[in-house]
Amino acid sequence: MADTDLKAENKILVVDDDKSVRGFLELFLKTKGYANVLTAENGEEAVKIVEKDNVKLILLDVMLPGINGIEVLRRVKAINKDVNVIMITGYPDETKAKEAIKEGVYDYIIKPFDLFYLELILLTKLIQLGYHK
């Protein structure tokens with residue numbers, strides 16, 4: 001399966017309370033060929049999306065209003081244990097990083113984003129998903 005097929009068929013959810021970060025990531029992903037990009041501004045909205053949509057990857061901010069990113073991670077993993085979550089944060093915290101890893105996060109990246117690295121980990125995970133359909 002070509003990487004463009006993987007990009008087009010797999011849904012990615014971007015969860016960040018900062019509208020500019022959400023918009024930037026959505027635009028970045030779409031310009032890279034990821035056609036199915038969903039967004040949520042808080043954890044509750046993200047959980048509802050995961051309940052109704054077959055989301056394959058989530059870019060999830062750690063610091064969110066209401067339920068924080070770690071709790072969202074737990075809830076989405078309870079709904080779909082196979083969903084892949086990449087935690088994003090502007091406030092590096094070793095304790096939260098360890099907790100996220102313990103909860104099954106795929107990667108943990110710090111803002112500002114290294115866009116090359118972000119694209120690389122997304123494509124790597126989608127290729128892995130493509131081989132495990």
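Visitor: Which helix holds both Lys98 and Glu94, and how many residues apart are they?
Guide: In this predicted model, the side chains of Lys98 and Glu94 meet in a salt bridge, 3.1 Å from N to O. Their spacing is about one turn of the helix. Both lie in α5, 4 residues apart.

Visitor: Is Lys98 buried or exposed?
Guide: The cut-off for exposed is over 50% relative accessible area. Its partner Glu94 has 58%, so Glu94 is exposed. Lys98 has 53%, so Lys98 counts as exposed.

Visitor: Which backbone nitrogen does a side-chain oxygen of Asp93 reach at the start of helix α5?
Guide: Helix α5 covers residues 94-102. The oxygen of Asp93 comes to within 2.8 Å of its target. That target is the backbone nitrogen of Thr95.

Visitor: Which residue with a positive phi follows α5?
Guide: Its phi is near 100°. The residue is Gly104.

Visitor: Which residues are linked with Glu71 and Arg75 in a network of salt bridges?
Guide: Glu71 and Arg75 form a salt bridge of 3.2 Å, N to O. They are 4 residues apart in helix α4, so about one helical turn separates them. Glu71 is partly exposed at 26% relative accessibility, and Arg75 is partly exposed at 35%. The other members of the network are Arg74, Glu99 and Glu103.

Visitor: With which residue does Asp82 form a salt bridge?
Guide: Asp82 lies in the loop between α4 and β4. Asp82 is exposed at 52% relative accessibility, and its partner is exposed at 63%. The closest N and O atoms are 3.4 Å apart. The partner is Lys81.

Visitor: How far apart in space are Asp82 and Val55?
Guide: In sequence, 27 residues separate them. From C-alpha to C-alpha, the distance is 9.6 Å.

Visitor: Which strands stand at the edges of the sheet?
Guide: The open sheet has 5 strands in the order β2-β1-β3-β4-β5, with parallel pairing. Each edge strand has a single partner, so one side of each lacks a neighbour in the sheet. The edge strands are β2 and β5.

Visitor: Which residue in β2 stands opposite Val14?
Guide: Strands β1 and β2 run parallel and are joined by 4 bridges. The residue opposite Val14 is Thr39.

Visitor: Which residues make the nonpolar surface patch of about 330 Å²?
Guide: One of them, Leu120, is in helix α6. Leu120 has 43% relative accessibility, so Leu120 counts as partly exposed. The patch is made by Phe116, Tyr117 and Leu120.

Terms used:
Residues are numbered from 1 along each chain as its sequence is written. This is a predicted model: local features need pLDDT of at least 70, side-chain atom pairs count only at pLDDT 80 or more; totals for chains, interfaces and linings use all residues. Side-chain values use heavy atoms; hydrogens and water are left out. Patches are made of residues with over 30% relative accessible area and no salt bridge: like charges are joined within 9 Å, nonpolar side chains (Val, Leu, Ile, Met, Phe, Trp, Tyr) within 5 Å. Accessible areas come from the Shrake-Rupley method with a 1.4 Å probe; for residues, only the protein chains shown count as cover. A salt bridge is a side-chain nitrogen of Lys or Arg within 4 Å of a carboxyl oxygen of Asp or Glu. Helices (H or I, at least four residues) and strands (E, at least two) are DSSP runs, numbered from the N terminus. Buried means under 20% relative accessible area, exposed over 50%, partly exposed in between (1.4 Å probe, protein chains only). A polar contact is a pair of N or O atoms within 3.5 Å; within protein, one must be able to donate a hydrogen and the other to accept it, and residues adjacent in sequence count only if both atoms are side-chain atoms. Two strands pair if DSSP finds at least two bridges between them.
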